[in-house]
Amino acid sequence: MTELVLATNNANKLREIQAQLALPSVRVLSPREAGVPANFDVEETGETFTENALLKAKAFAAIAHAPVVADDSGLMVHALNGEPGVHSKRWIPGSDHERNMHLLEKLKDQSDREAEFITVLALYLPDTDTAHFFEGRVSGKIGAEERGNAGFGYDPLFIPDGYTQTFAELGEEVKNTLSHRARAVQKLKVFLEAWQEGSDADVSTISRSY
Ligand code: IMP
């Protein structure tokens, strides 16, 4: 049995990853279960999703002394040159709802509504001081107003390609089949299965920055 600590205080991310990472041979621990204080936070000073995911993974591993998975995610809006991107969480001070209103205001009169969610997961192994990265993306459009109650962040505005409803309307079960996070977790699962079998051939890791 491999124990992995999830380096996040975001209850929504934790729940989504725990649901997606269901493997009989892997036990996913919350930070609290791994002895990390509830208020432990890491300043996201990196310029890329990869840098921030690694920062978080290493900081949690220093306390938990165990393999850690950290998630850094964001929304890239085409008409805003990829903003809010790595700044998605703290784009403007306030609540998720206020950030959504800010985004709608910025896209007022804008016909280009294309956007992409991205997740980079960092798996950090403290024993060998090595890291592996897994990326997932999903394309979609920014709706005209907030719709739906599920999820978090920009979910009430994001309509994935091929759907007419937002992530917040589709709900977590559907979101977990097609989201940026689900796609990154899928790659992590392939890696973990190969790793546990003692082979690291044919694993879907990335090591580039963007
Ligand atoms: P971070 O990964 O903790 O830096 O936070 C990323 C921010 O991007 C979150 O606070 C949300 O605002 C947004 N975000 C990331 N993933 C999602 C998602 O699955 N749905 C909606 N918003 C998300």
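## Where the ligand touches the protein

Let's start at the ligand. One of its oxygen atoms is 2.9 Å from a polar backbone atom of Ser-73. Keep in mind that this is a predicted model. A second look at the ligand's oxygen atoms brings in Lys-13, where a polar side-chain atom lies 2.7 Å from an oxygen atom of the ligand. Tyr-154 takes part through its backbone: a polar atom there is 3.1 Å from a nitrogen atom of the ligand.

How much of the ligand does the protein bury? Taken alone, the ligand exposes 480 Å², and 95% of that is buried by the protein.

## Who sits around it

There are 17 residues around the ligand, and the ones that come nearest are Lys-13, Glu-44, Ser-73, Asp-155 and Lys-175. So what kinds of residues make up this shell? Nine of them are charged, five are polar and three are nonpolar.

The ligand takes up the space of the largest pocket. Two elements give two or more residues to the shell around the ligand: the strand β3, covering 68-77, and the helix α6, covering 180-196. Which element gives the most? That would be β3, with four residues in the shell.

## The chain as a whole

Stepping back from the ligand, you'll find six helices and six strands in the chain. If you follow the sequence from start to end, they come in the pattern β-α-β-α-β-α-β-β-β-α-α-α. In other words, the pattern begins with a strand and finishes on three helices in a row.

As for overall dimensions, the C-alpha atoms fill a box of roughly 55 × 35 × 30 Å along the principal axes. The chain has 210 residues, and a compact globule of that length would have a radius of gyration near 17 Å; the chain's own value is 17 Å, so the two agree.

## Two spots in the loops

A couple of backbone details are worth finding in the structure. What kind of peptide bond joins Glu-83 and Pro-84? A cis one, with omega at about -5°. To locate Pro-84, look in the loop that runs between β3 and α3, the helix at 96-106. That is the same β3 that gives four residues to the shell around the ligand.

The other spot is Asp-109, which is not a glycine and yet has a positive phi of about 65°. Asp-109 is in the loop between α3 and β4, the strand at 114-125.

Definitions and conventions:
Residues are numbered from 1 along each chain as its sequence is written. This is a predicted model: local features need pLDDT of at least 70, side-chain atom pairs count only at pLDDT 80 or more; totals for chains, interfaces and linings use all residues. Side-chain values use heavy atoms; hydrogens and water are left out. A residue is near a molecule or strand if one of its heavy atoms lies within 4 Å of it. A polar contact is a pair of N or O atoms within 3.5 Å; within protein, one must be able to donate a hydrogen and the other to accept it, and residues adjacent in sequence count only if both atoms are side-chain atoms. Accessible areas come from the Shrake-Rupley method with a 1.4 Å probe; for residues, only the protein chains shown count as cover. On a 1 Å grid over the protein atoms alone, a cavity is a set of points where a 1.4 Å probe fits but cannot get out, and a pocket is an open set with protein on both sides within 12 Å along at least five of seven lines; lining residues have an atom within 4 Å of a point. A molecule sits in a cavity or pocket if more than half of its atoms lie within 2 Å of its grid points. Ala, Val, Leu, Ile, Met, Phe, Trp, Tyr, Cys and Pro count as nonpolar, Asp, Glu, Lys and Arg as charged, and the others, Gly among them, as polar. The radius of gyration is taken over C-alpha atoms; the globule rule is 2.2 Å times the number of residues to the power 0.38.
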